[in-house]
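This report looks at side-chain contacts and strand pairing in a single model. The account begins with charged pairs and then turns to rings, the hairpin and the nonpolar core.

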Amino acid sequence: MVSVVEFRIDRRSGVATYLQIVQQVQQALRLGVLVEGDRLPTAAQVAATTKVNPNTTLKAYRELEREGLVEPRPGLGTFVSRTLARPQSAADTLLREELRSWTDRARAEGLAREDVQALMNSVLQDRYPDG
């Protein structure tokens with residue numbers, strides 16, 4: 001099955017492009033958007049949609065392979081070999097709804113995406129200092 005992941009590269013983030021791809025795949029794996037057996041877009045496809053050098057995508061895919069998350073199949077593509085998703089629980093659904101509600105309030109208060117991201121990063125750093 002071909003994946004539905006679309007990479008979004010933020011050239012102003014200060015995060016290396018290949019790491020952004022790695023992080024986006026990891027997030028898709030955690031959320032169950034990507035599952036075992038899904039095929040990632042080819043480096044050429046990623047280059048066409050993001051204007052990222054194909055070698056950058058290949059570097060990201062090698063890192064994901066090193067982590068045991070994907071496996072290349074010569075002539076076929078790169079496939080997800082394991083998931084990071086936890087079984088869905090009622091708590092996840094409730095937390096997701098609470099987070100949606102909070103972000104709706106933040107947006108209504110005039111906070112930009114970058115402001116919300118900064119707040120979230122600050123709280124995450126405070127609550128998960130080892131991460």
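A salt bridge is taken here as a side-chain nitrogen of Lys or Arg lying within 4 Å of a carboxyl oxygen of Asp or Glu. The model is a predicted one, and by this criterion the structure holds 4 salt bridges. Side chains of opposite charge can pair when their charged atoms come close. One of these bridges joins R127 to D126, with N and O 2.9 Å apart, and because the cut-off is 4 Å, that separation qualifies. Residues over 50% relative accessible area count as exposed, so R127, at 61%, is exposed, and D126, at 52%, is exposed as well.

Three of the bridges, including the one just described, are set out below.

| Salt bridge | N to O distance |
|---|---|
| E63 and R66 | 2.6 Å |
| E97 and R100 | 2.8 Å |
| R127 and D126 | 2.9 Å |

The bridge between E63 and R66 lies within helix α3, where the two residues are about one helical turn from each other because they are 3 residues apart. R66 is classed as exposed, its relative accessibility being 61%. In helix α4, which spans residues 90–108, E97 and R100 are likewise 3 residues apart and therefore separated by about one helical turn. E97 is partly exposed at 43% relative accessible area, and R100 is partly exposed at 42%.

Charged side chains also meet aromatic rings in this model. K59 lies over the face of Y18, at 4.2 Å from the ring centre, while the charged end of R73 sits over the ring of F79, 4.1 Å from the centre of that ring. As for pairs between aromatic rings themselves, the structure holds 0.

R73 and F79 belong to two strands, β1 (residues 70–73) and β2 (residues 77–80), that pair in the antiparallel sense over 4 bridges. Within this pairing, P72 of β1 stands opposite T78 in β2. The two strands form a hairpin with 3 residues between them, and in the turn G75 has a positive phi of about 80°.

Which residues touch the most other members of the largest nonpolar core? Among the 18 residues of that core, they are F7, I21, L34, L40, Y61 and L64. The elements that give two or more residues to this core are α1 (17–31) and α3 (54–66), and α1 supplies the largest share, namely 5 residues.

Technical notes. Residues are numbered from 1 along each chain as its sequence is written. This is a predicted model: local features need pLDDT of at least 70, side-chain atom pairs count only at pLDDT 80 or more; totals for chains, interfaces and linings use all residues. Side-chain values use heavy atoms; hydrogens and water are left out. Rings of Phe, Tyr and Trp (its six-membered ring) pair if their centres lie within 6.5 Å; planes under 30 degrees apart count as stacked, over 60 as edge-to-face and the rest as tilted. A charge sits over a ring if NZ of Lys or CZ of Arg is within 6 Å of the ring centre and within 35 degrees of the ring normal. A nonpolar core is a set of buried Ala, Val, Leu, Ile, Met, Phe, Trp, Tyr and Cys residues joined through side-chain atoms within 4.5 Å. Buried means under 20% relative accessible area, exposed over 50%, partly exposed in between (1.4 Å probe, protein chains only). Two strands pair if DSSP finds at least two bridges between them.
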